[in-house]
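Below are some notes for a colleague who is meeting this structure for the first time. They are set out as numbered points, and each can be read beside the sequence and the model.

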Amino acid sequence: MFELVKFELYKIVSRKFNILALSVFILLYFFSISRFNLEYIQHFRNMHIEWNGPLTEERVAIARQELRELEAQREEDWEKYRADHQNQNGVIFEWDETSGSKLDVRFALVNRWERFENRNALLADLRAEIRTAEAAGLRDFDYSKNLMHYNMLSGLKPPSGDYFRGWGQLIDFAKTFGFVILGALILLTLAPVFADEYAVKMDSLILSSRHGRKKVVTAK
């Protein structure tokens with residue numbers, strides 16, 4: 001079986017079109033990486049330094065208070081700006097970059113903690129459903145599903161305030177445009193696996209052979 005799988009993989013990789021298509025995908029991916037603004041990334045990394053490490057309720061309370069203050073300051077600056085330019089059309093309000101970055105960081109921290117709190121609420125609901133099922137002596141599919149879900153969520157640690165945006169940008173292409181391109185490559189690459197056998201009338205021989213319907217088809 002292993003030799004059959006190697007042979008099928010060789011047939012796919014050895015196609016010039018597949019090599020060309022994969023090369024184009026890799027080039028597009030590196031092109032997207034080359035467009036990163038490293039100064040912008042370093043700027044946000046510096047903003048996160050003071051928040052590195054696990055988040056706690058006390059730290060999040062500070063972030064939430066600073067977030068409210070920054071939002072209030074932005075609204076105040078916007079009102080002043082609008083009053084100064086009330087007779088002008090198409091005026092664009094641009095807030096201080098440092099203050100805007102601080103607001104984004106605080107918002108991200110609060111959002112991480114709120115998702116963690118939602119996890120805790122879900123854990124409580126799952127725990128109650130599990131105990132109800134155990135009291136009734138039920139060990140059905142729903143019980144197993146809730147137990148697995150509960151064990152999975154219980155293993156999650158509290159979020160940290162570390163900087164993750166760089167990693168998000170790194171995989172952004174792969175999960176957006178790259179996902180579509182890679183899906184098209186998969187279809188183009190795998191389509192000939194069976195189509196070629198039908199084209200050269202090999203399918204009848206394979207399906208009528210001793211291991212054709214099992215080993216050969218499984219390897220394909």
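1. K80 and E76 sit four residues apart in helix α4, and so about one helical turn separates them. Their side chains meet in a salt bridge, with an N to O distance of 3.4 Å. K80 is partly exposed, since its relative accessible area is 48%, and E76 is likewise described as partly exposed, at 40%. Please keep in mind throughout that this is a predicted model.

2. Elsewhere, salt bridges that share partners join E50, E66 and R106 into one network. Within this network, the side chains of E66 and R106 meet at 2.8 Å, N to O. This pair links distant parts of the chain, because E66 belongs to helix α4 and R106 to helix α5, 40 residues apart. Are the two partners buried or exposed? E66 is partly exposed, with a relative accessible area of 25%, whereas R106 has a relative accessibility of 6% and therefore counts as buried, the cut-off being under 20%.

3. How many salt bridges does the structure hold? There are five, and one of them lies in helix α1, which covers residues 2–13. There the side chains of K6 and E3 meet in a salt bridge of 3.6 Å, N to O, and the two residues are three apart, about one turn of the helix. K6 is partly exposed, with a relative accessible area of 41%, while E3 counts as exposed at 54% relative accessibility.

4. Helix α4 deserves a check of its length, because its 28 residues, 57–84, should span 40 Å at 1.5 Å a residue. The C-alpha atoms at its ends are 40 Å apart, which agrees with that expectation. The buried residues of this helix are R59, V60, A63, L67 and L70, and what covers them includes α5, residues 97–135.

5. The largest nonpolar core has 17 residues, and those with the most contacts inside it are W51, L55, A63, L103, V105, L109 and W113. Which elements give two or more residues to this core? They are α3 (residues 38–48), α4 and α5, and α5 gives the most, with six residues. To follow one member through the core, take L109: leaving aside neighbours within four places in sequence, L109 is in contact with W51, L55, A63 and G161. There is also a second, separate core of seven residues, which includes L126, A133, Y143 and L153.

6. N146 lies in helix α6, residues 141–154, and counts as buried, with a relative accessibility of 12%. Which residues does N146 contact once its neighbours within four places in sequence are left aside? They are L126, E129 and I130. One of these contacts, L126, is also listed among the residues of the second core.

7. I12, in helix α1, shows how residues far apart along the chain can be brought into the same region of the model. I12 and P192 are 180 residues apart in sequence, yet their C-alpha atoms are 8.6 Å apart in space. Not counting residues up to four places away in sequence, I12 touches N18, T189, L190 and V193. I12 counts as buried, because its relative accessibility is 17% and the cut-off for buried is under 20%.

8. The last point concerns the surface, where F194, Y198, L207 and V217 make a nonpolar patch of about 350 Å². F194 lies in helix α9, residues 192–199. With a relative accessible area of 40%, F194 is partly exposed, and a reader tracing the patch in the model could begin from this residue and then look for Y198, L207 and V217.

Note on methods
Residues numbered from 1 in each chain as written. Predicted model: local features only at pLDDT ≥ 70, side-chain atom pairs only at ≥ 80, totals over all residues. Heavy atoms only, no water. Expected span 1.5 Å × (residues − 1). Buried < 20%, exposed > 50% of the residue type's maximum accessible area, 1.4 Å probe, protein only. Contact = heavy atoms within 4.5 Å. Patch = residues over 30% accessible without salt bridge, like charges linked within 9 Å, V, L, I, M, F, W, Y side chains within 5 Å. Areas by Shrake-Rupley, 256 points an atom, 1.4 Å probe, with all protein chains shown as cover. Salt bridge = Lys/Arg side-chain N within 4 Å of Asp/Glu carboxyl O. Core = buried A, V, L, I, M, F, W, Y, C linked by side-chain atoms within 4.5 Å.
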